[in-house]
Amino acid sequence: MTEPSRIYLSREDIAGLVARLAGEIDGNYRDRPLALIGVLRGCFVFLADLARQLQAPVRRVDFVRVESYGAKMVSTGSPRIVQGIPRESITGQDVLVVEDIVDTGATTAAVLRYLRRHGPASLSLCALLDKPSRRQVDVSVDYVGMTIPDHFVVGYGLDFDQRYRDWPDIWVVEPAHED
Ligand code: PRP
C-alpha cells in the first residue's frame, strides 16, 4: 500500500513560508481590504493560517469549489465551478485567490476565468506550493510559498484519496513499486 514515507516540509518550515508570504502580500496591499477566495478543499488549512498572519485587513473570505475531471473523462473538457460565490464578493474587490498547490494549472485557470467575469478591482494568486514542471495551462503565481519538483505531497490540507488533510506537516507519498 502506498503511504506517506517522509516529511517534506515540517510544520515549522510551513509556518516560515506562510509568514514570508503574508509579509510579501502586506507589502503590496498595505491598508487595502482584501477579499480572500479559497479553492476547496485543499486550501482550508493554508487559508486559515495565512489569513491570521496578514496585517492587511481581510474584508471577506469566500470559497469556490471546482470539479476536476479524471483522465478517463478528458472529453468533458476543463474543470467546472460547482460552487460559486456571491457577485459582491468579487466585483470591485481586491481579490486574492488562495491555493494549496498549482499543478497542471487547470483548476486555478478555471477559477481565475470565473472571477475575471465578475470584474474584481484586482486579482492575484497565492499558492503555498507550485509545481511548474507539471504545468499544462499557462498560470503564473504571484505569491509562491515554495516551488517543488514533481513529488506527490499530502498533509496540511492536501490529500491522497481524501486522507491526510489533517496532518500538520507535508509528507511525500512515494509511488508503489511493482516487485
Ligand atoms: C488540488 C489542489 C488544487 C488543484 C491543483 O485540488 O487543491 O486545487 O488540485 O491541480 P491542477 O493545477 O492540476 O488543477 P483537487 O482537485 O485534488 O481537489 P481538493 O482540493 O478537494 O483536494
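The questions and answers below concern a predicted model.

Residues are numbered from 1 along each chain as its sequence is written, and side-chain values use heavy atoms, with hydrogens and water left out. In this predicted model, local features need pLDDT of at least 70 and side-chain atom pairs count only at pLDDT 80 or more, while totals for chains, interfaces and linings use all residues.

Q: Which residues of helix H2 are buried?
A: Helices (H or I, at least four residues) and strands (E, at least two) are DSSP runs, numbered from the N terminus. Buried means under 20% relative accessible area, exposed over 50%, and partly exposed in between (1.4 Å probe, protein chains only). In helix H2, which spans residues 44–53, the buried residues are Phe46, Leu47 and Leu50.

Q: How many degrees around the axis do the buried residues of H2 cover?
A: The buried residues of H2 are Phe46, Leu47 and Leu50. They lie on the same side of H2 because the arc they cover is narrow, only 95 degrees. The arc is that of the directions from the helix axis to the C-beta atoms. An α-helix has 3.6 residues a turn, so residues three or four places apart point the same way. The arc covered is 95 degrees.

Q: What covers the buried residues of H2?
A: Contact means heavy atoms within 4.5 Å. The cover includes helix H1 (11–29). It also includes strands S2 (34–40), S3 (58–67), S5 (94–102) and S6 (122–130).

Q: Which residue forms a salt bridge with Arg6?
A: A salt bridge is a side-chain nitrogen of Lys or Arg within 4 Å of a carboxyl oxygen of Asp or Glu. The closest N and O atoms of the pair are 3.4 Å apart. It links distant parts of the chain, 168 residues apart: Arg6 is in strand S1 (residues 4–9) and its partner is in the segment after strand S9 (170–173). The partner of Arg6 is Glu174.

Q: Is Asp94, the salt-bridge partner of Arg32, buried or exposed?
A: The closest N and O atoms of Arg32 and Asp94 are 3.2 Å apart. Arg32 is in the loop between H1 and S2 and Asp94 is in strand S5, 62 residues apart. Arg32 is partly exposed, at 36% relative accessible area. With a relative accessible area of 14%, Asp94 is buried.

Q: Which residues are linked in a network of salt bridges with Asp103?
A: One salt bridge joins the side chains of Asp103 and Arg134, at 2.6 Å from N to O. Asp103 is in the loop between S5 and helix H3 (106–116), and Arg134 is in the loop between S6 and strand S7 (143–147). The network links Asp103 with Lys131, Arg134 and Asp150.

Q: With which side chain does the side chain of Asp130 make a polar contact?
A: Asp130 lies in strand S6 and is buried, at 7% relative accessibility. A polar contact is a pair of N or O atoms within 3.5 Å; within protein, one must be able to donate a hydrogen and the other to accept it, and residues adjacent in sequence count only if both atoms are side-chain atoms. At 2.8 Å, the partner side chain is that of Arg135.

Q: How many disulfides does the structure hold?
A: A disulfide is a pair of cysteine sulfur atoms within 2.5 Å. The cysteine sulfur nearest to that of Cys43 belongs to Cys126 and is 11 Å away, too far for a bond. The number of disulfides is zero.
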